[in-house]
Protein chains: 2
Amino acid sequence: MRMGEGVEWAAHACLLLSALPDGAGLPAAAIAAFHDVPPAYLAKHMQALARAGIVTSARGASGGYRLARAPEEINLLQIADAVDGGEPAFRCTEIRQRGPCAAKAEECMKACGIAAAFWAAERIYRQHLEGVRLADIRSALVRKQDSANMERLKAWLEAHANN
Amino acid sequence: MRMGEGVEWAAHACLLLSALPDGAGLPAAAIAAFHDVPPAYLAKHMQALARAGIVTSARGASGGYRLARAPEEINLLQIADAVDGGEPAFRCTEIRQRGPCAAKAEECMKACGIAAAFWAAERIYRQHLEGVRLADIRSALVRKQDSANMERLKAWLEAHANN
DNA sequence: GCTTAATTACTCGGATAGCAGGTGTCCGAGTTTATAGGG
DNA sequence: CCCTATAAACTCGGACACCTGCTATCCGAGTAATTAAGC
Ligand code: FES
Ligand code: FES
């Protein structure tokens, strides 16, 4: 099992956007520079976030990305689904219905026990991620953050943000 | 996020082996024929199970695979880790330590909040899978299984098992 | 000086190559069984 | 009839191509700011 690397980038991008002054926008190039990642590739994941309605995009000069709603209304599950594609990790090909001694269709009204177990585990996984809001991560970060760094971040945002 | 397709095959293979008479072995070709999957590919995953110590292999005529221990001592987490590789799905590249306004190493004694949340979710996921034993799946299956099919399965196993 | 229209600069968006890992297959190493020959 | 050596058949094990999907990048569409001209 392996999750796309862009999930980490997208999550940190949203975390950075949550520190933005209200009504301001931040270009994808600035976000990429802040995290030192390939700008074009991060832009691709930003598009995914925009398609999912997590961030809104403004084109043209003084454009950029901003959060579509309050950080309290954004959780890690939404970000992971948007970037990585929300399809289930475990793929059941109904192997029990194949082969010489297979179970017939009329006996498969209930899902296979193996698939049910995996999907139940995934359900719990997703519920846990859904419970972690972006605001929680941000508040926990600022709590243990040096005040000097906080000022440095704020200055950097003021210098690169538009509007 | 996407799990290897072979996990389903390996799980069902173990489930089939758990129905085997005690001390008998089943060749990989027979398991593949039973599930109607490419024999050579299933053999690859069987090797992974053998390397992980979940099944034991016997070469030569009348050889084959058998469970290494009782079905009560085998759970889905062991199978998934053996086939899919137990590495964490979420990959943290310590993005916070990079870029112009990065957090320095001395401030990163604790794991990043985002990575911590994802890894905690994975931990719960794995715990759930660890709680599902192969014996549980088998008992739940035989409970709702037709007795005629049970006999058919037993006859098939007798016909293809060695020793 | 003010209005307006063209120009410029900047941004997102989707379309396009490159590469890794999962998918699928093959043949050789090793063991057991069957067989044939000799005692 | 029994023992043994040979041959055969069968199985696992790792090494070899292929192919989907993630990784990485580019250029065009669209918008706001800028500028210059005209009134
Ligand atoms: S048939 Fe797909 S997991 Fe059992
Ligand atoms: S630095 Fe890797 S998730 Fe935050």
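This is a chat about how two protein chains meet two DNA strands and each other in a predicted model.

Student: Before we start, what are the ground rules for this model?
Tutor: It's a predicted model, where local features need pLDDT of at least 70, side-chain atom pairs count only at pLDDT 80 or more, and totals for chains, interfaces and linings use all residues. Residues are numbered from 1 along each chain as its sequence is written, chains are lettered from A and ligands numbered from 1 in the order in which they are written, and side-chain values use heavy atoms, with hydrogens and water left out.

Student: OK, DNA strand C. Which residues come nearest?
Tutor: A:Arg2, A:Arg51, A:Ser57, B:Pro38 and B:Arg59, out of 25 residues around DNA strand C. A residue is near a strand if one of its heavy atoms lies within 4 Å of it. Sugar and phosphate make up 61% of the atoms of DNA strand C that come within 4 Å of the protein.

Student: Which polar side-chain atoms sit by a phosphate oxygen there?
Tutor: One belongs to A:Ser57, 2.6 Å from a phosphate oxygen of DNA strand C. Another belongs to A:Arg91, at 3.0 Å from a phosphate oxygen of that strand. Those are polar contacts: a pair of N or O atoms within 3.5 Å; within protein, one must be able to donate a hydrogen and the other to accept it, and residues adjacent in sequence count only if both atoms are side-chain atoms.

Student: And what lies by a base nitrogen of DNA strand C?
Tutor: A backbone N or O atom of B:Gly60, 3.4 Å away. As for elements, α3 (39-51), β1 (55-58) and β2 (64-67) of chain A and α3 (39-51) of chain B give two or more residues to this surface. Helices (H or I, at least four residues) and strands (E, at least two) are DSSP runs, numbered from the N terminus.

Student: Switching to DNA strand D, which residues come nearest?
Tutor: Of 26 residues around DNA strand D, the nearest are A:Arg59, B:Arg2, B:Gln47, B:Arg51 and B:Ser57. Here sugar and phosphate account for 62% of the strand atoms within 4 Å of the protein.

Student: What does A:Tyr41 do there?
Tutor: An N or O atom in its side chain is 2.9 Å from a phosphate oxygen of DNA strand D. The side chain of B:Tyr65 has an N or O atom 3.0 Å from a phosphate oxygen of DNA strand D, and for A:Ser62 the partner is a sugar or linking oxygen, at 3.5 Å.

Student: Back to α3 of chain A. Is A:His45 buried or exposed?
Tutor: A:His45 lies in that helix, and it counts as buried because its relative accessibility is 11%. The cut-offs are under 20% relative accessible area for buried, over 50% for exposed and partly exposed in between, with a 1.4 Å probe and protein chains only.

Student: What's it touching?
Tutor: Leaving aside neighbours within four places in sequence, A:His45 is in contact (heavy atoms within 4.5 Å) with A:Gly6, A:Trp9 and A:Val83.

Student: New topic: how much do chain A and chain B bury between them?
Tutor: About 5,300 Å², with 62% of it on carbon and sulfur atoms. That's the accessible area (1.4 Å probe) that two parts lose on being put together, summed over both. In chain A, the residues losing the most area to chain B are A:Met1, A:Arg91 and A:Ile95, together 16% of what that side buries.

Student: How many salt bridges between the chains?
Tutor: Two. One of them joins A:Arg98 and B:Asp36, with the closest N and O atoms 4.0 Å apart. The criterion is a side-chain nitrogen of Lys or Arg within 4 Å of a carboxyl oxygen of Asp or Glu.
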